Amino acid sequence: MTTYGSKRQVSGAHYGLRDWLAQRVTGALMALFTIALLVQVLLPNQCAPGAAGCSWLLSLLPNWLIEWLPKDAMGYDRWAAIFSAQWMKVLTFTLILSLAYHAWVGVRDIWMDYVKPVGLRLVLHVFTLVWLVACTGWAVQVLWRL
């Protein structure tokens with residue numbers, strides 16, 4: 001069996017650029033969501049979506065970060081208001097799908113690299129897929145209150 005040159009046997013696992021790029025793209029989407037959520041949580045209520053003004057984004061901050069921002073309590077009402085906007089639900093849904101795919105690519109590679117018995121690897125792949133689909137379904141159910 002040759003592992004180099006034109007007679008190299010290629011496995012069907014699709015390693016390489018596609019998975020590497022998927023990890024980077026989903027990671028970037030999750031980072032953008034985190035930034036969007038932090039902006040919503042840290043800015044006072046007058047900067048909430050739909051609020052007028054905002055004294056232009058608190059005059060572009062410092063004063064050392066406006067003395068560590070939140071002056072009001074972060075309660076259920078405010079948390080629910082953040083996720084009530086349709087654009088935030090869509091962004092959160094995108095995060096859920098990104099997180100599930102990111103986890104699948106990472107865990108699948110771990111199983112393929114470190115679990116040698118094919119039967120055990122298959123069982124772990126199936127368990128991982130079922131777990132990720134169940135978690136994604138549950139997260140969507142919570143997000144849209146189904």
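Me: Why does Arg 108 count as buried?

Reply: Arg 108 has 10% relative accessibility. Buried means under 20% relative accessible area, exposed means over 50%, and partly exposed is in between (1.4 Å probe, protein chains only). Its 10% is under the 20% cut-off, so Arg 108 counts as buried. Bear in mind that this is a predicted model, where local features need pLDDT of at least 70, side-chain atom pairs count only at pLDDT 80 or more, and totals for chains, interfaces and linings use all residues. Residues are numbered from 1 along each chain as its sequence is written, and side-chain values use heavy atoms, with hydrogens and water left out.

Me: What makes Ala 103 partly exposed?

Reply: Ala 103 comes out at 24% relative accessibility. That value sits between the 20% and 50% limits, so Ala 103 is called partly exposed.

Me: And why is His 125 called buried?

Reply: Its relative accessibility is 15%. Since that is under 20%, His 125 gets the buried label.

Me: Which helices hold these three residues?

Reply: Ala 103 is in α5, Arg 108 lies in α5 too, and His 125 is found in α6. Helices are DSSP runs of H or I with at least four residues, strands are runs of E with at least two, and both are numbered from the N terminus. By that count the chain has six helices and zero strands.

Me: Which residues does Arg 108 touch?

Reply: Contact means heavy atoms within 4.5 Å. Leaving aside neighbours within four places in sequence, Arg 108 is in contact with Asp 19, Ala 103 and His 125. Setting aside residues up to four places away, His 125 touches Trp 104, Arg 108, Trp 111 and Met 112, while Ala 103 touches Arg 108 and Leu 132.

Me: How far apart in space are Arg 108 and Thr 128?

Reply: They are 8.1 Å apart, C-alpha to C-alpha, with their positions 20 residues apart in sequence. For Ala 103 and Leu 129, 26 residues apart along the chain, the C-alpha atoms are separated by 9.8 Å.

Me: What makes up the largest nonpolar core?

Reply: Nine residues: Met 30, Phe 33, Leu 37, Val 41, Ile 82, Phe 83, Ala 85, Met 88 and Leu 95. α1 (17-42) and α5 (86-114) each supply at least two of them, and α1 gives the largest share, with four residues. A nonpolar core is a set of buried Ala, Val, Leu, Ile, Met, Phe, Trp, Tyr and Cys residues joined through side-chain atoms within 4.5 Å. In soluble globular proteins, nonpolar side chains tend to be buried together.

Me: Which residues lie nearest the centre of the largest pocket?

Reply: Trp 79, Phe 83, Val 142, Leu 143 and Arg 145, out of 14 lining residues. On a 1 Å grid over the protein atoms alone, a pocket is an open set of points where a 1.4 Å probe fits, with protein on both sides within 12 Å along at least five of seven lines; lining residues have an atom within 4 Å of a point. α5 gives the most to this lining, with four residues.

Me: How much of the chain is buried?

Reply: Of its 146 residues, 29% fall in that class.
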